[in-house]
Amino acid sequence: EMHACRVEADMRIGGQLLPPTGVTARYDAEGGRGRAAVAIAAATLPAMPAAPTGLSASAEGSTSLRLRWQDNATNEAGYRVQRSTNGGTKWTVIAEVGADTTSFSDTSVTKSKSYAYRVQAFNDGGNSGYSNKVTVKTPKYYVVAPSSATLTQNGSQLDLAWQDNASDESGFRVERATNSGSWKLLGTLGA
């Protein structure tokens with residue numbers, strides 16, 4: 001008498017979990033002796049993606065760092081961004097971003113602290129090597145200059161207006177220069 005069953009199996013190559021494959025097993029119980037035939041469906045995996053290069057980091061504020069890298073892969077499923085707070089001894093994955101992504105903003109950092117980063121591409125075929133490591137320190141203060149300044153004449157006075165682009169400034173200094181003369185402080189304003 002022949003019995004058949006279907007078994008789902010997890011298979012790994014190099015520690016990477018392969019896509020699910022079906023294993024079919026048959027057992028012949030005739031005469032008290034068993035014979036088993038096992039067939040494993042072959043899975044075709046993509047080649048591992050190329051590693052990203054040119055990783056750089058810059059401050060976007062005192063609690064935000066912007067990472068940028070070169071996408072060298074054509075078959076990646078995405079990228080893993082890793083961060084270290086101890087100079088690269090221990091790494092933690094802080095984000096996974098999609099294919100063709102070339103930047104990431106880390107907004108979980110604190111002022112005046114050093115962070116190391118590296119990036120790795122991945123797909124079902126495995127992980128690429130790591131990008132170069134980059135280390136950056138968040139600034140204690142990060143003041144963004146105002147923009148879109150306008151000067152409007154209102155009778156005998158001039159009204160100055162601007163766009164405040166900073167979130168942690170303590171105030172503004174208003175200065176004036178005539179023609180090519182030196183700048184002179186007119187006054188300070190609170191934030």
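## Salt bridges and the largest pocket

A search of the whole structure turns up four salt bridges. The model is a predicted one. Three of these pairs are described here, followed by the largest pocket and a surface patch.

### Salt bridges

| Pair | Closest N to O distance |
|---|---|
| Arg66 and Glu60 | 3.9 Å |
| Asp106 and Arg83 | 2.7 Å |
| Glu175 and Arg173 | 3.1 Å |

Start with Asp106 and Arg83, whose closest N and O atoms are 2.7 Å apart. This pair links distant parts of the chain. Asp106 belongs to strand 10, residues 103–106. Arg83 belongs to strand 8, residues 78–84. The two residues are 23 residues apart. Are they buried or exposed? Both Asp106 and Arg83 are buried.

Now take Arg66 and Glu60, which meet through their side chains. Why does Arg66 count as partly exposed? Its relative accessibility is 23%, and the partly exposed class runs between the buried limit of 20% and the exposed limit of 50%. Glu60 has a relative accessible area of 37%, so Glu60 is partly exposed.

The third pair joins Glu175 to Arg173. Arg173 is exposed because its relative accessible area is 58%. Glu175 is partly exposed, with a value of 36%.

### The largest pocket

How much space lies in the largest pocket? The volume is about 430 Å³. Its lining has 20 residues. Those closest to the centre are Leu160, Trp162, Val174, Glu175 and Arg176. Glu175 is also the salt-bridge partner of Arg173.

Which elements give two or more residues to this lining? They are strand 14 (147–154), strand 15 (157–163) and strand 16 (171–176). Strand 16 gives the most, with six residues.

The lining can also be sorted by residue type. It has 14 nonpolar residues, one polar residue and five charged residues.

### A nonpolar surface patch

Leu160 appears again on the surface. Together with Leu151 and Leu158, Leu160 forms a nonpolar patch there. The accessible area of the three residues together is about 310 Å². Where is Leu160 placed along the chain? Leu160 sits in strand 15. With a relative accessible area of 43%, Leu160 is partly exposed.

Leu160 therefore has two roles in this description: Leu160 is partly exposed and belongs to the patch, and Leu160 is among the residues closest to the centre of the largest pocket.

Definitions and conventions:
Residues are numbered from 1 along each chain as its sequence is written. This is a predicted model: local features need pLDDT of at least 70, side-chain atom pairs count only at pLDDT 80 or more; totals for chains, interfaces and linings use all residues. Side-chain values use heavy atoms; hydrogens and water are left out. Buried means under 20% relative accessible area, exposed over 50%, partly exposed in between (1.4 Å probe, protein chains only). Helices (H or I, at least four residues) and strands (E, at least two) are DSSP runs, numbered from the N terminus. On a 1 Å grid over the protein atoms alone, a cavity is a set of points where a 1.4 Å probe fits but cannot get out, and a pocket is an open set with protein on both sides within 12 Å along at least five of seven lines; lining residues have an atom within 4 Å of a point. Grid points are joined across faces, edges and corners, and a volume is the space filled by probe spheres set on the points. Ala, Val, Leu, Ile, Met, Phe, Trp, Tyr, Cys and Pro count as nonpolar, Asp, Glu, Lys and Arg as charged, and the others, Gly among them, as polar. Patches are made of residues with over 30% relative accessible area and no salt bridge: like charges are joined within 9 Å, nonpolar side chains (Val, Leu, Ile, Met, Phe, Trp, Tyr) within 5 Å. Accessible areas come from the Shrake-Rupley method with a 1.4 Å probe; for residues, only the protein chains shown count as cover.
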